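Colleague: Got a minute to walk me through this one? I'd like to start with the packing.

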Amino acid sequence: MRLSAMGDILHALPAVTALREAHPEWRIGWAVEPQWRPLLATAGATARGSAMPVLDRVHIVPARQWARSPFSAKTLREVRQTRRELREERYDVCVDLQGAIRSALIARWARTERLIGEDAPRERIARWFFTDRVKTRGVHVIEQAIEVVNAIAGDKLPVRLPLLPVDADAERKADVIRAPFVLINPGAGWGAKRWPEERYATVAARLRDAGYGVVVNAGPGEESLANEVEVLSGGAAAPLRSSIEELTAITRRAALVIGGDTGPLHLACALDRPAVGIFGPTDPARNGPFGCRYRVLRHPESKRDHTRHAAPEAGLLTITPDAVMDAANELLRGER
C-alpha cells in the first residue's frame, strides 16, 4: 500500500521487488492513485511479465479525488467497489508503506489478519490501525521500507534496484532522441526545493557546448519552467512533454539526470542512471539518490524543513552552476 506520490512509490518499489524475488509464488497487489499506475504496470497489463514485472494485481484508488467530493454518489460508489475488490482478493497480509491515516484506513478495507506499518509513521495516528508495528533503523526511506516488508515473513531482504514496467510504444518513441543527452528536471513539489531556472539554463548551455543534447522534463503544471530554461539557454535545451511511460523510456537512455528532490530524479536512480541531486530544505540522507552513481549538492547550513515556502531556500541558492557542472562532468566521464 503506497498510494502516492511518484518519489514515494519509487522509494517503496525496491522493497516489493526484493519481496517478489524472494517469494515468486506469492500473489502481490498494490493500491495506487491512478496517475501513478504506469510506474507499476503498463496500460492493459493483466499478468506478471515485462509490462507488470513485480505485481499480480494493481488496485486503482483515487483517494485524492474522493477527498474533494467525499459524499458524492460517484465517490460512494467507487469506495464500495474498491472495498469489495480488496476483500475479494483475500490477501493474508497488508503492508502500509505510506504511513498516512488515509492509506492505513484503505488498508483496513482488505480485512487482513495482519496490517503492518512503521512504529513511527509519517502521520502518527496511522500507527493505531496497524496490528504489527516495525521499529525501523535505516536512514533512507528505501531502507526503512525494506525493514517493514521484512516483517511479513521474517526475511532479510537485500537492497536492490526495482523492476519497472517496459512499454513497447514508449520505448520506440524514446529511440528517436539523439544520444548522448542529459535530462534536466527544473520542477519540484514546492518553491523552496526549486533551484532557479536561469541556473539550469546556464548548465544546459554548457552541456551543449560540451557536445551533449539537453532535454528538459516538463511535468504537469511545469511547462513554463521548461520553456524558460529553453529560452534562457539560447535553445540549448529542448522541452519534453511526456507521459510517465515515455519519461521512463527516455530516462533509461539518458547519460545523466540533473534535478532537485523530485520524482524524475528518483526515477533516474531506480533505472540505475547517474544523477546530480540539488538539495535544499529536504534531507538527501533520507530522501536523496540511492543505489545509482550520484552526486548530491547541498549547503551544510540547509535545515530539514517541509514548509511549502514559495521562494527557494537560502542554502539552495548558494549552489552554483559551476558546482553542478563539476559534479556532472565527474559522472559523465564514467559514462564514456
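Modeller: Sure. Keep in mind that this is a predicted model. Start at Leu-55. Beyond its neighbours up to four places away in sequence, Leu-55 touches Val-16, Arg-20, Ile-28, Gly-29, Trp-30, Leu-40 and Arg-48.

Colleague: Which residues have the most contacts inside the largest nonpolar core?

Modeller: Leu-55 is one of them, along with Trp-30, Leu-39, Leu-40, Leu-97 and Leu-164. That core has 54 residues.

Colleague: Which elements each supply at least two residues of it?

Modeller: Helices α1, α5, α6, α9 and α10 do, and so do strands β1 and β6. The top contributor is α1, which gives nine residues.

Colleague: Where's the other core, and how many residues does it have?

Modeller: It lies apart from the 54-residue one. It has 29 residues, among them Ala-204, Val-214, Leu-256 and Leu-316.

Colleague: Back to α1. At what angle do α1 and α5 pack?

Modeller: About 40°, with the axes 8 Å apart. The crossing is right-handed.

Colleague: Which residues meet there?

Modeller: From α1, His-11, Ala-12, Pro-14, Ala-15 and Leu-19. From α5, Val-141, Ile-142, Ala-145, Ile-146 and Val-149. By class, that contact has nine nonpolar residues, one polar and no charged.

Colleague: Is α5 mostly covered or mostly open?

Modeller: Mostly covered. Eight of its 10 residues are buried. Gln-144 and Asn-150 are among the buried ones, as are Val-141 and Val-148.

Colleague: What covers them?

Modeller: The cover for the buried residues of α5 includes α1, strands β3, β4 and β5, and α11.

Colleague: New pair. How do the axes of α7 and α8 cross?

Modeller: At roughly 50°, coming within 8 Å. The two helices are therefore oblique to each other. This crossing is right-handed.

Colleague: And how does the contact of α7 with α8 divide by class?

Modeller: Five nonpolar, no polar and three charged. On the α7 side you have Glu-197, Glu-198, Tyr-200 and Ala-201. They meet Leu-225, Glu-228, Val-229 and Leu-232 in α8.

Colleague: Backbone check. Which peptide bond is cis, around Pro-180?

Modeller: The one from Ala-179 to Pro-180, with omega near -5°. Pro-180 is in the loop between α6 and β6. Worth a look, as most peptide bonds are trans.

Colleague: What about phi at Arg-90 and Arg-111?

Modeller: Arg-90 has a positive phi of about 55°, though it is not a glycine. Arg-111 also has a positive phi of about 55° and is not a glycine either. Most residues other than glycine have a negative phi.

Colleague: Where do they sit? Is Arg-90 buried or exposed? Same question for Arg-111.

Modeller: Arg-90 is in the loop between α3 and β3. Its relative accessibility is 72%, so Arg-90 counts as exposed. Arg-111 is in the loop between α4 and β4. At 62%, Arg-111 counts as exposed too.

Colleague: And Thr-262, buried or exposed?

Modeller: Buried, because its relative accessibility is 13% and the cut-off for buried is under 20%. Thr-262 is in the loop between β9 and α10. Outside the four places either side in sequence, Thr-262 contacts Asn-185, Gly-187 and Ala-188.

Colleague: Last one. How far is Ala-5 from Trp-36 in space?

Modeller: 7.5 Å, C-alpha to C-alpha, with the two 31 residues apart in sequence. Ala-5 is in the segment before α1. At 31% relative accessibility, Ala-5 counts as partly exposed.

Key
Residues numbered from 1 in each chain as written. Predicted model: local features only at pLDDT ≥ 70, side-chain atom pairs only at ≥ 80, totals over all residues. Heavy atoms only, no water. Helix = DSSP H or I, 4+ residues; strand = E, 2+ residues; numbered from the N terminus. Buried < 20%, exposed > 50% of the residue type's maximum accessible area, 1.4 Å probe, protein only. Contact = heavy atoms within 4.5 Å. Axes fitted to C-alpha atoms, helices over the stretch in contact; angles between N-to-C directions. Parallel < 35°, antiparallel > 145°, perpendicular 65-115°, else oblique. Left-handed = near helix turned anticlockwise from the far one by under 90°. Nonpolar A, V, L, I, M, F, W, Y, C, P; charged D, E, K, R; others polar. Core = buried A, V, L, I, M, F, W, Y, C linked by side-chain atoms within 4.5 Å.
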